[in-house]
Amino acid sequence: MKPVGKLIIIGGAVNKGSFAETDFDQNIEKNLNFFERGILRKIINESKHKENSVIEIVTTASQIPQIVGTEYKKAFEFLGAKNVNIIDIHNRDEANSDAMAARANAADVVMFTGGDQLRLTSILGGTRFHDTILLKYQEQDFIYSGTSAGAAAASENMIYQGSSSESLLKGEIKTTQGLGLIDNVIIDTHFVQRGRIGRLFQAVVNNPRTLGIGLGEDTGLFIHNDVMTAVGSGLVILVDGRFIKDTNLTNINLGEPISIDNLTVHVMSMNDHYDLTTKKLTIENSQFNPIPQDK
């Protein structure tokens, strides 16, 4: 059964503008351009009540929750959102409280900020707050949005550790269970800037049924009805292991390089979409699409 809700996952470093910067007003045209075309605007437009939606910003993953939460709150309010709140859950008792369950139940959008995804899952996993979000995502017009750690934690399994430079050495990446909103994918973030493609290669060769998703900075995916659409200014990398022909994975020791034959890689940019059911990528601005002829 397909979830009724929507996912908007972001690679990190969202160019939302910084309201703490002294020259924000001087750069207002640049920032407005991003706000109007960008990911935060997409979140508002796709939410149930648009500017009147209740948006909860969850800063649990962050080591600087007050700063991060305030920046996102100001950015959403700058775009016209009228009901933006900040939730900073510090421990599992808070996540299991009546108050936190009620706030999750009343939200139209829950956005998880960046930070440490293992902190996010270890504090929230299996709590009433987590369960409420999962149920709303399955049954209601509700948006789960996450940037960086919040995006990485959205899938059933997530990467929480692994060197970029040594990520194709057996055993160099560590995975665990995420928050479980989407199955059969694994998500990596800050993907282009930090050179993390090897981390996805290893995650996918470990189980080729899993689709690897690498989100670049200022880039995300809007996921609804099993279709993923790229949003933002950068790239989304998809790693498909279904057609792998050979690998040395089980014949090498920990720390030795992994070989993979016939791994498939796709690159998405803004408005391209990928169907998770048919496994087909459609390039929105394809050079091979027929050009309409004037009548």
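Leaving aside its neighbours within four places in sequence, which residues is Phe112 in contact with? The legends below start there, in a predicted model.

**View 1. Phe112 and its contacts.**
Beyond its neighbours within four places in sequence, Phe112 is in contact with Val58, Leu120, Leu124, Phe129, Ile133, Tyr144, Ser145, Gly146, Thr147 and Gly150. Apart from the largest nonpolar core lies another core, of 20 residues. Ile8, Ile44, Ile55 and Met111 are among the members of that other core. The largest nonpolar core itself holds 43 residues. Six of them touch the most other members: Phe112, Phe129, Tyr144, Ile213, Leu221 and Met228.

**View 2. The largest cavity.**
How many cavities of 30 Å³ or more does a search of the whole structure find? The search finds one. The volume of the largest cavity is about 40 Å³. Phe112 is one of its lining residues. The others are Leu124, His130, Ile133, Tyr144, Leu179 and Leu181. By type, the lining has six nonpolar residues, one polar and no charged. Rolling a probe the size of a water molecule over the atoms shows where empty space is left.

**View 3. The largest pocket.**
The largest pocket encloses about 410 Å³ of space. It is lined by 21 residues. Closest to its centre are Pro3, Ile182, Asp183, Asp226 and Leu276. Helix 7 (128-139) gives at least two residues to this lining, and so does strand 10. The lining of the largest pocket splits into nine nonpolar, seven polar and five charged residues.

**View 4. The positions listed as "active site".**
An unreviewed UniProt entry lists Ser148, His190 and Glu217 under "active site". These residues are spread over 70 residues of sequence, yet they cluster in space. The largest C-alpha distance among them is 9.0 Å. His190 sits in the loop between strand 8 (185-188) and helix 9 (197-206). Is His190 buried or exposed? His190 is buried, because its relative accessible area is 9%, and buried means under 20%. Glu217 belongs to the loop between strand 9 (211-215) and strand 10 (219-224). Glu217 also counts as buried, at 15% relative accessibility.

**View 5. Helix 2, residues 39-46.**
Helix 2 has eight residues, and six of them are buried, so the helix is largely enclosed by the rest of the structure. The buried ones are Ile39, Leu40, Arg41, Ile43, Ile44 and Glu46. Ile44 also belongs to the core of 20 residues.

**View 6. Glu77 and Glu51.**
Glu77 is part of helix 3 (residues 65-78). Its relative accessible area is 36%, so Glu77 is partly exposed. Glu51 is 26 residues apart from Glu77 along the chain. How far apart are the C-alpha atoms of Glu77 and Glu51, and what is that separation in Å? They are separated by 8.8 Å.

**View 7. Two asparagines with positive phi.**
Most residues other than glycine have a negative phi. Asn225 has a positive phi, near 55 degrees. Asn225 lies in the loop between strand 10 and strand 11 (227-232). Its relative accessibility is 42%, so Asn225 counts as partly exposed. Asn262 has a positive phi of about 75 degrees, and it is not a glycine. The loop that holds Asn262 runs between strand 14 (260-261) and strand 15 (264-268). Asn262 is partly exposed, at 36% relative accessibility.

Definitions and conventions: Residues are numbered from 1 along each chain as its sequence is written. This is a predicted model: local features need pLDDT of at least 70, side-chain atom pairs count only at pLDDT 80 or more; totals for chains, interfaces and linings use all residues. Side-chain values use heavy atoms; hydrogens and water are left out. A nonpolar core is a set of buried Ala, Val, Leu, Ile, Met, Phe, Trp, Tyr and Cys residues joined through side-chain atoms within 4.5 Å. Buried means under 20% relative accessible area, exposed over 50%, partly exposed in between (1.4 Å probe, protein chains only). Contact means heavy atoms within 4.5 Å. UniProt positions are given in the numbering used here, feature names are shortened, and annotations may be inferred rather than shown by experiment. Helices (H or I, at least four residues) and strands (E, at least two) are DSSP runs, numbered from the N terminus. On a 1 Å grid over the protein atoms alone, a cavity is a set of points where a 1.4 Å probe fits but cannot get out, and a pocket is an open set with protein on both sides within 12 Å along at least five of seven lines; lining residues have an atom within 4 Å of a point. Grid points are joined across faces, edges and corners, and a volume is the space filled by probe spheres set on the points. Ala, Val, Leu, Ile, Met, Phe, Trp, Tyr, Cys and Pro count as nonpolar, Asp, Glu, Lys and Arg as charged, and the others, Gly among them, as polar.
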